[in-house]
Amino acid sequence: IIILGPPGSGKGTQAKILAEKLGYFYFGMGDLMREEAKKNTTLGQKFQAVWDQGEGQLVREEDTQELFLKTIQSLKENQGIVFDGYPRSRVQAEHLKESIGEDEMIVLNIEVSDQSLIERIGKRRICGRCGQIFLDPSLKECHLCRGKLIQRQEDSPEVVQKRLQVYNDETRPLIEYFQKKGKLIEIDGEPQIEKVAVEILKALDGN
């Protein structure tokens, strides 16, 4: 299952909820990249270098693909997967098709207005210990693990605008790609998290 959507659409949260409900592996490209950067591997250093530029750009295709293959090859055969943050381009979609087969794909696209996206991301804080997401900027500590809440580098107002521009330039064509293949299911991402999660399950049941 592939979940598409712009930055701040809640696709990561919904992907994690869905993976847990279905017993699938959560393939969060952003989380995997950050984990690689924390390990300070050669690949992780490349990811960090892109983020440090503060331009909101996507990392190099070759580096993304290397991490994709490394992760996929570590999974059990026939393991269900919920993809979040991958694919982000037509090229990545072709790589995915070669790896798992087009017939196996279900694609959900979470739609949210630009105004809502900017408001959400501006409020978003992440637990530096467990990765839980909070949308209350007044909170300083995670109620689950008592970790410190931080604003991610890529969530700063300046970078958000650039990320949205990159999304519109790079990823919007991917939505059209899946539409033409009859693979795309549209999901309204404006309501509360719980309601969106219910709508996703309904959409999957009807697919």
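Okay, one bit of vocabulary before we start: a residue counts as buried when its relative accessible area is under 20%, as exposed when that area is over 50%, and as partly exposed in between. With that in hand, here's the big picture. What you see above is a predicted model, and of the protein's 207 residues, 44% count as buried.

Let's stay with the whole protein for a moment. Its secondary structure comes to 8 helices and 8 strands. Along the principal axes, the C-alpha atoms fill a box of roughly 45 × 40 × 35 Å. Is that a compact globule? Well, what radius of gyration would a compact globule with 207 residues have? It would be near 17 Å, and this protein has 16 Å, which agrees.

Now think about who touches whom. If you take the contacts with a separation of 6 or more, 65% of them are between residues 24 or more positions apart. As for the outside, the accessible surface comes to about 11,400 Å², and 47% of that belongs to carbon and sulfur atoms. The protein also carries 30 positive and 34 negative side chains, and the centres of those two sets lie 5 Å apart.

Right, let's zoom in on helix 2, residues 29–38. Which of its residues are buried? They're Met29, Met33, Glu36 and Ala37. If you look down the axis of helix 2, those buried residues fall within an arc of 100°, so they line one face of the helix. And what covers them? The cover includes strand 2 (25–28), helix 3 (42–52), helix 4 (61–72) and strand 3 (81–84).

You can pick up part of that from the other side, too. Thr64 lies in helix 4, and it counts as buried because its relative accessibility is 4%. Setting aside residues up to four places away in sequence, Thr64 touches Met29, Met33, Val59, Tyr86 and Gln92. Met29 and Met33 are names you've just heard, among the buried residues of helix 2.

Helix 6, residues 114–123, tells a similar kind of story. Its buried residues are Ser116, Leu117 and Ile121. They cover an arc of only 120° around the axis, which puts them on the same side of helix 6. What covers them includes helix 7.

So, on to helix 7, which spans 157–180. Leu174 sits in this helix, and with 1% relative accessibility it counts as buried. Who does Leu174 touch, if we don't count residues up to four places away in sequence? The answer is Leu4, Pro87, Arg88, Ser89, Arg90 and Ala93. Here's a nice contrast: Pro191 is 17 residues from Leu174 along the chain, yet their C-alpha atoms are separated by 24 Å.

Just before that helix, in the loop between strand 7 (149–150) and helix 7, we find Ser156. Its relative accessibility is 17%, and because the cut-off for buried is under 20%, Ser156 counts as buried. Ser156 and Ser9 are 147 residues apart in sequence, and 16 Å apart in space, C-alpha to C-alpha.

On the other side of helix 7, Lys181 lies in the loop that leads to strand 8 (184–188). Buried or exposed? Lys181 is partly exposed, with a relative accessible area of 35%. Leaving aside neighbours within four places in sequence, Lys181 is in contact with Lys97 and Glu102. Glu102 is 79 residues away along the chain, while the two C-alpha atoms are separated by 9.5 Å.

Last topic: backbone oddities. Most residues other than glycine have a negative phi, and most peptide bonds are trans. With that in mind, have a look at Asn40, in the loop between helix 2 and helix 3. Asn40 isn't a glycine, but it has a positive phi of about 60°.

Arg146 is another one: not a glycine, and with a positive phi of about 65°. You'll find Arg146 in the loop between strand 6 (133–134) and strand 7, and at 59% relative accessibility it counts as exposed.

And where's the cis peptide bond? It joins Tyr86 and Pro87, with omega about 0°. Pro87 is in the loop between strand 3 and helix 5 (90–100). You've met both partners already: Tyr86 is one of the residues that Thr64 touches, and Pro87 is one of those that Leu174 touches.

Terms used:
Residues are numbered from 1 along each chain as its sequence is written. This is a predicted model: local features need pLDDT of at least 70, side-chain atom pairs count only at pLDDT 80 or more; totals for chains, interfaces and linings use all residues. Side-chain values use heavy atoms; hydrogens and water are left out. Helices (H or I, at least four residues) and strands (E, at least two) are DSSP runs, numbered from the N terminus. The radius of gyration is taken over C-alpha atoms; the globule rule is 2.2 Å times the number of residues to the power 0.38. Buried means under 20% relative accessible area, exposed over 50%, partly exposed in between (1.4 Å probe, protein chains only). Contact means heavy atoms within 4.5 Å. Accessible areas come from the Shrake-Rupley method with a 1.4 Å probe; for residues, only the protein chains shown count as cover. Lys and Arg count as positive and Asp and Glu as negative; His and the chain ends are not counted. The place of a charge is taken as NZ of Lys, CZ of Arg, CG of Asp or CD of Glu. The arc is that of the directions from the helix axis to the C-beta atoms.
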